[in-house]
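Hi there,

Here is the structure I promised to pass on to you. Have a look at it first, and then read on for my notes.

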Amino acid sequence: IVVLDGHTLNPGDLSWDGLRALGDCTIHDRTPPDQVFPRAAGHEIVLTNKAALAAEHFDRLPELEYVGVLATGTNVIDLKAAGEHGVVVTNVPDYGTASVAQLTFALLLELALGVGAHSAGVRSGKWSASRDFSYTEFPLVELAGLTLGIVGFGRIGRQVAAIGRALGMEILIHSRTPPAPTQPGIRVADLDTLFREADAVTLHCPLTEATQGLVNAVRLASMKPSAFLINTSRGPLVDEAALATALNAGSLAGAAVDVLASEPPPATSPLLSARNCIVTPHIGWATAAARRRLLEVAVAGVRAFLDGRPQHVVVPG
């Protein structure tokens with residue numbers, strides 16, 4: 001067993017003992033692209049989060065039988081090549097639902113209320129210098145009564161909808177698969193309607209060829225000037241240059257993203273300097289509780305594969 005990039009999952013506060021108990025195990029904190037093949041060579045089981053396995057790797061790794069993705073998204077794996085080589089690929093589909101939904105609303109509430117900005121203003125002396133008992137850095141937004149557009153209605157999307165409803169928001173949803181019968185306050189919409197009518201749009205869909213660049217200049221132009229965009233899913237869902245242009249032009253009120261097309265981003269990434277844009281460093285999945293669940297499910301996945309009953313299978317091998 002080899003883990004190619006274990007540090008983000010377990011920076012030292014969790015234990016690899018459960019995985020080590022299943023066989024000879026090598027754990028690397030990080031693996032650069034040119035080291036993926038030499039480190040995976042000779043191993044039957046590879047676990048990876050962001051270290052990519054391309055078709056050429058499967059061609060050169062005849063011993064490889066199982067790839068466990070330490071995440072829900074599997075876009076780092078050439079799934080077609082895995083299937084052609086008989087390699088089982090699994091993921092961990094439901095470890096971070098609560099944490100990602102929590103971050104989604106942390107970002108939305110920050111856009112709406114500017115808690116961080118107001119706290120910074122107070123610490124810089126603005127409140128002490130105020131002539132009034134209260135002051136605001138910018139107009140504040142109440143979420144109750146507004147419409148939240150949710151793109152993707154899987155586990156996380158459903159959790160986000162539940163929180164939105166608890167806050168008094170109306171919900172528009174769009175999903176690639178027909179959703180279950182909707183509840184009061186939740187409507188199904190096509191993408192154009194969702195982007196046009198929502199006061200905030202949040203993305204919870206996988207990255208595929210069909211969804212790459214889903215949020216482009218045309219869809220951004222259709223949004224209300226007062227609207228917010230949230231992305232806690234995958235960076236390439238959004239045309240970042242188009243989003244920065246919309247924000248800087250004031251045609252969109254704000255955006256908050258936990259993911260970017262390149263991670264870590266170059267200093268020239270357009271969203272790092274865009275107006276009214278919050279960027280967090282891909283932390284939605286990273287609470288201790290979520291990481292603990294992820295590791296437990298990943299270890300159980302390896303054990304199930306060794307027992308001949310793989311679970312959470314993406315490619316059956």
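**Pockets and cavities**

The second largest pocket holds about 280 Å³ of space. It has 14 lining residues, and those closest to its centre are Leu111, Phe138, Phe228, Ala253 and Asn276. Helix H5 and strand E12 each contribute at least two residues to the lining of this pocket. By residue class, the lining of the second largest pocket splits into nine nonpolar, four polar and one charged. Please keep in mind throughout that this is a predicted model.

Asn276 deserves a second look while you have that pocket on screen. This residue sits in the loop between E11 and E12, and its phi is near 50°, a positive value in a residue other than glycine. The loop between strand E11 (254–257) and E12 also contains Pro264. Glu263 and Pro264 are joined by a cis peptide bond, with omega at about -5°.

Now for the enclosed space. How many cavities of 30 Å³ or more are there? The count comes to one, and the volume of the largest cavity is about 50 Å³. If you would like to select its lining, the residues are Leu47, Tyr66, Gly68, Val69, Thr90, Asn91, Val92, Val297, Ala298, Gly301, Gln311 and His312. Strand E4 (66–69) and helix H11 (288–306) each provide at least two residues of that lining. In the lining of the largest cavity, six residues are nonpolar, six are polar and no residue is charged.

**The seven-stranded sheet**

Next, the sheets. One of them is an open sheet of seven strands, running in the order E8-E7-E6-E9-E10-E11-E12, with parallel pairing. Which strands stand at the edges? They are strand E8 (186–188) and strand E12 (277–279); each has a single partner strand, so one side of each is left without a neighbour in the sheet. From one strand to the next, the twist averages 15°.

As a close-up, try strand E6 (residues 147–151) with strand E7 (residues 170–174), which pair in the parallel sense over five bridges. Within this pair, Gly149 stands opposite Leu172 in E7. E12 is worth following too: this edge strand of the sheet also supplies at least two residues to the lining of the second largest pocket.

**The six-stranded sheet**

Another open sheet has six strands in the order E2-E1-E3-E4-E5-E13, and here the pairing is mixed. Its edge strands, strand E2 (26–27) and strand E13 (313–315), each pair on one side only. Strand E1 (residues 2–3) and strand E3 (residues 45–48) pair in the parallel sense over two bridges, and Val2 stands opposite Val46 in E3. E4 belongs to this sheet and, as noted above, supplies at least two residues to the lining of the largest cavity.

**A pair of helices**

Last, the helices. Two packed helices are described by the angle between their axes and the distance between the axes. Helix H5 (residues 97–113) packs against helix H7 (residues 155–166) at an angle of about 50°, and the two axes are 9 Å apart. That angle makes H5 oblique to H7. What is the handedness of the crossing of H5 and H7? The crossing is right-handed. H5 also takes you back to where these notes began, as this helix supplies at least two residues of the lining of the second largest pocket.

Happy exploring, and do write back with any questions.

Best wishes

Technical notes
Residues numbered from 1 in each chain as written. Predicted model: local features only at pLDDT ≥ 70, side-chain atom pairs only at ≥ 80, totals over all residues. Heavy atoms only, no water. Pairing = 2+ DSSP bridges. Helix = DSSP H or I, 4+ residues; strand = E, 2+ residues; numbered from the N terminus. Axes fitted to C-alpha atoms, helices over the stretch in contact; angles between N-to-C directions. 1 Å grid on protein atoms, 1.4 Å probe; cavity = no way out; pocket = protein on both sides within 12 Å on 5 of 7 lines; lining within 4 Å. Points joined across faces, edges and corners; volume = space filled by probe spheres on them. Nonpolar A, V, L, I, M, F, W, Y, C, P; charged D, E, K, R; others polar. Parallel < 35°, antiparallel > 145°, perpendicular 65-115°, else oblique. Left-handed = near helix turned anticlockwise from the far one by under 90°.
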